[in-house]
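Colleague: I am new to this structure and would like a close look at its inner spaces. Please take me through the pocket that ranks second by size, and then through whatever lies around it.

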Amino acid sequence: MRIRDLVGIEELRLTLLVGEEHLDRDFTGVQITDLPDPGRYLSGGELVLSGLMWRNEPADSERFVARLAKAGVAALGAGRAWLGAVPDDLVQACRAHGLPLLEVPVEVSFRTIAEMITPRLAELRDALGRHRRIVAAVAEGAGLPELFALMEGELAMTGAVISATGTVIAGTLDQADAVRLAHEYLTAPRLPHAVRTPAGTFTLFGVGREHRAASWALVCGGDLLGEADLGFELAACVALERTRTEEGRRVERRLAGQLIALAVSGGRDPAELNAGLRTCGIGLAEPYAVVNATVIRAGAARGPDPATLGGQVLEELLHPRVVAAAGAEGAVALVPLAGTAGELAETLRAGARALTAGLPGTRVSIGVSASLTGSSAIRGGAEEAGHARRLAEARGGGVVTSDEIYTHALLLATVPDDVRRSFAARTLDPLLDYDRRHQSDLVRTLGTFLECVGSWNACAERLHVHVNTVRYRIRRVEELTGRDLSTMADRVDLFLALRAS
């Protein structure tokens, strides 16, 4: 029990005279004494209550307090009945020895304090014993399911572990609540953080890696902000289990990295590549995709580099299916496909959106290859995923599939920003200027006309205008830009200019 909790019991009307900086100090029992030297009867951690009958002169206070401090007493409660007030020399001695001093009113007996506190201390000791049994079980190898069963049985508390995007790693939690709590975890200004939902109140504690995007959250049922130490210990138990898992995954990452490096370098030993693919948990006839990821943190001066953090995030987004090997060109993972590569990309998009919504300024860039089979496809898949990830980075983040890199988008992404902007401005500025001066709609009409593959009627229908209006606007576009929209070359230039703007 903390001194803060004791002072907070209104019925006792205790006044803290010294030791405000020690309010969070725990005490484990109550000892009532008026012996001038009670040290032999103290074991440390007690709240000592004294009527001050030992004090005959000011020097007695220094001797008495020094003996209490040497014995490791947590605090001293001084009654006023004998002297009528707590003497200044006792206040000064307690301040000098860093011993909190409480003034006990005349109308409150020491017996009342002891009777009120003792059951609470017994309850806390019982809770501490249950907590220690949980910690001991985890230290001896109990996994997360056993941890949550012990929490429920010993502490009558529910628990779960979720990823930063709302995946339930362990425990029982409704998926909608998991997603909501994950967002609360990402946006919380500090941890632990209590959240009230329609399903009840939960307290969130961080587990593991320093960046929240790649870490787990321990979700405890109820408001534990007043018992944060308990939550921190439980989070440490989860972190211990995660560390055990990480040890095995570290070996898997190394093997995956070796396989990818061998394939990309042009290794031609099929047997070695096939063995590496099987080591990654992918059969020779099973479909898979190569995924490349980087994560850049806003204002980050320290911590994981974009490739390392990208690998950590990728593993959490696809937990527990994959491990990612971080390299110079981002983190790379071989992902078994339960469906299509497009479905995998959608899963990654949902996770990336959740992370960036909760961590503004964090840029997640992911590239996904086409569906592949066999070890001979790794090299091409890695190149596809790398190109797609670079295109995602050029767009400011997101998920890009291999389908998109074989289009004009890749061409534009490889052009320096200043060149791309200059090309767009030189081509489109006459139209933009005309639209501003005349409140016209030439740029929009041009874009729609090109999307309709030069069809006058389709363009007019989409814009809800007469076909002659479209013809007039396109003539103005040709006059202002000096282009001929009946030719493919000029159509391509204008199309690229619109996409580059």
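Modeller: A pocket here is an open set of grid points, on a 1 Å grid over the protein atoms alone, with protein on both sides within 12 Å along at least five of seven lines; a lining residue has an atom within 4 Å of such a point. The model is predicted.

The second largest pocket has a volume of about 330 Å³. Its lining consists of 18 residues, and those nearest the centre are Ile260, Val264, Asn292, Glu329 and Val332. Two or more lining residues come from each of α7, β11 (288–296), β12 (325–327), β13 (330–336) and α11 (378–394). Helix α11 is the main contributor, with 5 residues. Sorted by class, the lining of this pocket holds 9 nonpolar, 5 polar and 4 charged residues.

Helix α7 also takes part in an enclosed space. The model has 1 cavity of 30 Å³ or more, and the largest cavity holds about 70 Å³ of space. Lining this cavity are 10 residues, with Trp216, Glu246, Arg249, Glu316 and His319 nearest its centre. The elements that supply two or more of the lining residues are α7 (228–264) and α9 (306–317). Of these residues, 5 come from α7, the largest share. By class, the cavity lining has 1 nonpolar, 2 polar and 7 charged residues.

Arg249 is worth a separate word. This residue lies in helix α7. Arg249 counts as buried because its relative accessibility is 10%, and the limit for buried is under 20%. Apart from neighbours within four places in sequence, Arg249 is in contact with Glu315, Pro320, Val322 and Val323.

Next come the nonpolar cores. The largest one has 42 residues, and Leu344, Leu348, Ile366 and Val368 have the most contacts inside it. Helix α10 (residues 341–358) gives the most to this core, namely 6 residues. Leu344, leaving aside neighbours within four places in sequence, is in contact with Ala289, Val291, Leu318, Arg321, Val335, Leu337 and Val368. A second core of 22 residues is separate from the largest one, and includes Met157, Ala170, Trp216 and Cys237. Trp216 is thus named twice: in this second core and among the residues nearest the centre of the largest cavity.

That leaves the aromatic rings. A pair of such rings is described by the distance between the centres and the angle between the planes. The model has 3 aromatic pairs. One of them joins Phe205 and Phe232 in an edge-to-face arrangement, at 5.5 Å centre to centre and 80 degrees between the planes. This pair links distant parts of the chain, with Phe205 in strand β9 (residues 200–207) and Phe232 in helix α7, 27 residues apart. Phe205 is buried, because its relative accessible area is 1%. Phe232 has a relative accessible area of 43%, so this residue is partly exposed. Another pair, Phe449 and Trp456, is tilted, with 5.0 Å centre to centre and 45 degrees between the planes. Phe449 counts as buried because its relative accessibility is 2%, whereas Trp456, with a relative accessible area of 27%, is partly exposed.

To return to helix α7: this helix lends residues to the lining of the second largest pocket, gives the largest share of the cavity lining, and carries Phe232 of the edge-to-face pair.

Technical notes. Residues are numbered from 1 along each chain as its sequence is written. This is a predicted model: local features need pLDDT of at least 70, side-chain atom pairs count only at pLDDT 80 or more; totals for chains, interfaces and linings use all residues. Side-chain values use heavy atoms; hydrogens and water are left out. On a 1 Å grid over the protein atoms alone, a cavity is a set of points where a 1.4 Å probe fits but cannot get out, and a pocket is an open set with protein on both sides within 12 Å along at least five of seven lines; lining residues have an atom within 4 Å of a point. Grid points are joined across faces, edges and corners, and a volume is the space filled by probe spheres set on the points. Helices (H or I, at least four residues) and strands (E, at least two) are DSSP runs, numbered from the N terminus. Ala, Val, Leu, Ile, Met, Phe, Trp, Tyr, Cys and Pro count as nonpolar, Asp, Glu, Lys and Arg as charged, and the others, Gly among them, as polar. A nonpolar core is a set of buried Ala, Val, Leu, Ile, Met, Phe, Trp, Tyr and Cys residues joined through side-chain atoms within 4.5 Å. Buried means under 20% relative accessible area, exposed over 50%, partly exposed in between (1.4 Å probe, protein chains only). Contact means heavy atoms within 4.5 Å. Rings of Phe, Tyr and Trp (its six-membered ring) pair if their centres lie within 6.5 Å; planes under 30 degrees apart count as stacked, over 60 as edge-to-face and the rest as tilted.
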